[in-house]
Amino acid sequence: MTNLCQSDIKVSVVINTYNRAKLLPRAIESALSQTHANLEIIVVDGNSQDNTGDVVKGICGSRIRYIRSESTRSVDCVNLGFRLSTGKYIALLDDDDEWLPSKTEEQLAFFEQLDESYGWIGCGEVYIDDATDREQRITIPSLRGMIHKDLLRGAGRGVSGGTTLMFRKAAIEAVGGFIDISYSTDFLFYLKLSRTYKFDFIPKVLCRTHENHIYQKQRGSCLPNNLRSIERKIGWNRYILAEYQETIGRDKRLGYRYLRWLSKLYTSMGDKKKAMSYLCQAIQADPGKVVANLKLIMQVARGFLITTVGQ
């Protein structure tokens with residue numbers, strides 16, 4: 001049952017954007033169309049070089065607050081949005097996605113029924129191919145409660161994308177915002193939050209997540225696999241292993257995916273010593289993954305064989 005005072009509860013919507021003036025209005029309009037009216041919409045522009053500022057200012061709506069950041073980094077922009085938020089709850093909305101009209105109202109009502117041990121909630125999302133305007137797939141979370149170990153393990157359906165999530169502001173303030181690492185910062189934030197707070201979700205599609213759009217090549221997964229990108233990935237994996245070493249130490253299998261990835265990354269860099277070190281650590285962490293370990297051994301061996309032959 002919806003809380004009678006729910007309409008008095010403010011929800012802050014943080015939209016981080018950079019050079020996506022042609023898609024941004026769709027996201028903003030979906031926020032403005034929410035059935036829950038008590039929203040503040042904060043658009044943080046990471047110093048865009050297109051006409052993003054003019055587009056935002058041209059959209060009617062007194063609830064929109066446009067902030068131009070000097071930093072282009074998403075971690076800085078999201079954290080700025082967090083700091084400026086004044087709502088009891090904060091929801092992230094990616095600039096290329098959109099919410100269904102009842103998303104905020106339904107999540108707020110659900111959140112209000114949970115105790116303060118729950119710091120964040122999600123919902124389902126439908127993926128849309130913008131090139132064909134067709135639905136591709138639907139994702140619904142499947143894990144509830146303390147899902148920290150599940151996330152560390154790489155459980156694929158624990159949490160959906162950032163556009164599906166709503167956070168208790170007090171929880172964000174307690175753990176801090178996004179971590180200053182320039183790779184998959186959202187997942188690092190989920191790991192940090194899940195160490196202290198429970199997660200829950202509404203098993204219903206309330207978001208439309210768009211793919212294959214005109215800015216698709218800006219996605220992190222589409223960036224070139226150059227030396228800088230590899231170094232960022234190495235730093236990301238090593239950070240997780242160090243930050244959560246106590247938890248991983250109690251169950252070494254939780255570190256398997258990061259050790260395995262580090263072995264492959266160092267192989268691609270030609271660092272045989274570190275590649276072999278992480279290969280051995282991965283096998284020791286989970287010797288039961290026989291097939292995966294054999295594949296890893298072959299990948300590392302093939303990588304150095306190709307390097308040796310090419311010299």
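A charge is taken to sit over a ring if NZ of Lys or CZ of Arg is within 6 Å of the ring centre and within 35 degrees of the ring normal. In this predicted model, the charged end of Arg144 meets that criterion over Phe201, at 3.9 Å from the ring centre. Lys289 lies over the face of Tyr256, with 5.6 Å to the ring centre.

Phe201 also belongs to an aromatic cluster. The other members of this cluster are Phe82, Trp120, Phe167, Phe178, Phe189, Tyr190 and Phe199. The count for the structure comes to 15 aromatic pairs.

Confidence was examined next. The mean pLDDT of the protein is 90. A value of 70 or more is reached by 91% of the residues. Among the elements, strand 8 (residues 166–168) has the highest mean pLDDT, 98. Helix 12 (residues 290–310) has the lowest, 81. Where pLDDT is low, predicted coordinates should not be read in detail.

Helix 8 spans residues 227–243 and has 17 residues. From its first C-alpha to its last, helix 8 reaches 24 Å, close to the 24 Å expected at 1.5 Å a residue. Its buried residues are Ser229, Ile230, Lys233, Ile234, Trp236, Asn237, Ile240 and Leu241. These residues lie on the same side of helix 8, because they cover an arc of only 160° around the axis. An α-helix has 3.6 residues a turn, so residues three or four places apart point the same way. Leu227 and Arg228, on the other side of helix 8, are exposed. The buried residues of helix 8 pack against four helices: helix 5 (148–153), helix 7 (185–194), helix 9 (245–250) and helix 10 (256–269).

Helix 10 also holds Thr267. Thr267 counts as buried because its relative accessibility is 8%, below the 20% cut-off. Beyond its neighbours within four places in sequence, Thr267 is in contact with Ala275, Gln299, Val300, Gly303 and Phe304.

A second threonine, Thr52, lies in helix 2 (residues 52–57). Thr52 is likewise buried, with a relative accessible area of 0%. Leaving aside neighbours within four places in sequence, Thr52 is in contact with Thr17, Asn19, Arg20, Ala21, Leu24 and Asp45. Thr52 and Lys204 are 152 residues apart in sequence. In space, the C-alpha atoms of Thr52 and Lys204 are 32 Å apart.

How values were computed: Residues are numbered from 1 along each chain as its sequence is written. This is a predicted model: local features need pLDDT of at least 70, side-chain atom pairs count only at pLDDT 80 or more; totals for chains, interfaces and linings use all residues. Side-chain values use heavy atoms; hydrogens and water are left out. Helices (H or I, at least four residues) and strands (E, at least two) are DSSP runs, numbered from the N terminus. Buried means under 20% relative accessible area, exposed over 50%, partly exposed in between (1.4 Å probe, protein chains only). Contact means heavy atoms within 4.5 Å. The expected span of a helix is 1.5 Å times one less than its number of residues. The arc is that of the directions from the helix axis to the C-beta atoms. pLDDT is the predictor's confidence in each residue, from 0 to 100. Rings of Phe, Tyr and Trp (its six-membered ring) pair if their centres lie within 6.5 Å; planes under 30 degrees apart count as stacked, over 60 as edge-to-face and the rest as tilted.
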